[in-house]
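I opened a fresh page of my notebook for this one. Come and read along as I look things up.

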Amino acid sequence: MMDDAMFDKIYEMKATSKQFLREANKCEANRKKYEMRIKGLLQKNDIDGAKIAAQQAISYKNQAVRMNTLGHKVGTIATKLQGAARTMAMSSTLKNLVASMPQFATIEQSANAMETLDNFEKMVDNIDVHTTMMNGVFDNMTDTASNEEE
C-alpha cells in the first residue's frame, strides 16, 4: 500500500485543488456582481465608474480562469501521483509473487502449485482492474479539464 507520507501529500494536493476551485467560484461570483454594478452605473450615465467596475470585472474573470486552471492541474497531478503510488504497491506485490515462482521446481504437491498459480492469477486480475480504473479516471479528468477550458 501507499506509505503515509505519500498519502498525506496526495490528500493535501486534492484539498488544495478543491480550494483553488472554490476560489475560482468566488471570483466568478464577484465578476457577476461587478457586471451588475456596471449596468447600474451605465444607466446613471456614470461612464468613469462603469470603466472602473469593468476593470474590476475583467480582473476577477482573469483571476477565476487562473484559479480554475491551477485547481485542475493540481487535481490532475494528485490523481497521477495516486495512480503511481498504486502502481508501485502493485509492482512490489507482483515482485514478491514472482520471486516465489521458482519454488515451482521444488514443489512436489500439485495442490500447492495450483494455489500459487491461483494467487498469481488473482494478482494479475487485480492489476488489470486497477489499470482499467486508473485509465478511466485519467480519461475523465482529461475530458473534464478540456471541457472547462473550452
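What pattern does the chain follow, read along the sequence? I traced it from the start and wrote down α-α-α. I keep in mind that this is a predicted model.

**Entry: the fold elements.** I looked up the helices and strands and found 3 helices and 0 strands in the chain. Helix 2 covers residues 47-99.

**Entry: the whole chain.** How much of the chain counts as buried? I noted 22% of its 150 residues. I then looked up the exposed surface, which comes to about 10900 Å². Carbon and sulfur atoms supply 55% of that area.

**Entry: contacts.** I turned to the contacts in the chain with a separation of 6 or more. Residues 24 or more positions apart account for 72% of them.

**Entry: Tyr-34.** Which residue lies over the face of Tyr-34? I found Arg-37 there, at 4.7 Å from the ring centre. I also looked up pairs of aromatic rings and wrote down a count of 1 aromatic pair.

**Entry: Gln-55.** I looked for Gln-55 and found this residue in helix 2. Is Gln-55 buried or exposed? Its relative accessibility is 55%, and the cut-off for exposed is over 50%, so I put Gln-55 down as exposed. Last, I checked Gln-55 against Tyr-34: the two are 21 residues apart along the chain, and their C-alpha atoms are separated by 9.2 Å. That links my last two entries nicely.

Terms used. Residues numbered from 1 in each chain as written. Predicted model: local features only at pLDDT ≥ 70, side-chain atom pairs only at ≥ 80, totals over all residues. Heavy atoms only, no water. Phe/Tyr/Trp six-rings, centres within 6.5 Å; stacked < 30°, edge-to-face > 60°. Lys NZ or Arg CZ within 6 Å of the ring centre and 35° of its normal. Helix = DSSP H or I, 4+ residues; strand = E, 2+ residues; numbered from the N terminus. Buried < 20%, exposed > 50% of the residue type's maximum accessible area, 1.4 Å probe, protein only. Contact = heavy atoms within 4.5 Å. Areas by Shrake-Rupley, 256 points an atom, 1.4 Å probe, with all protein chains shown as cover.
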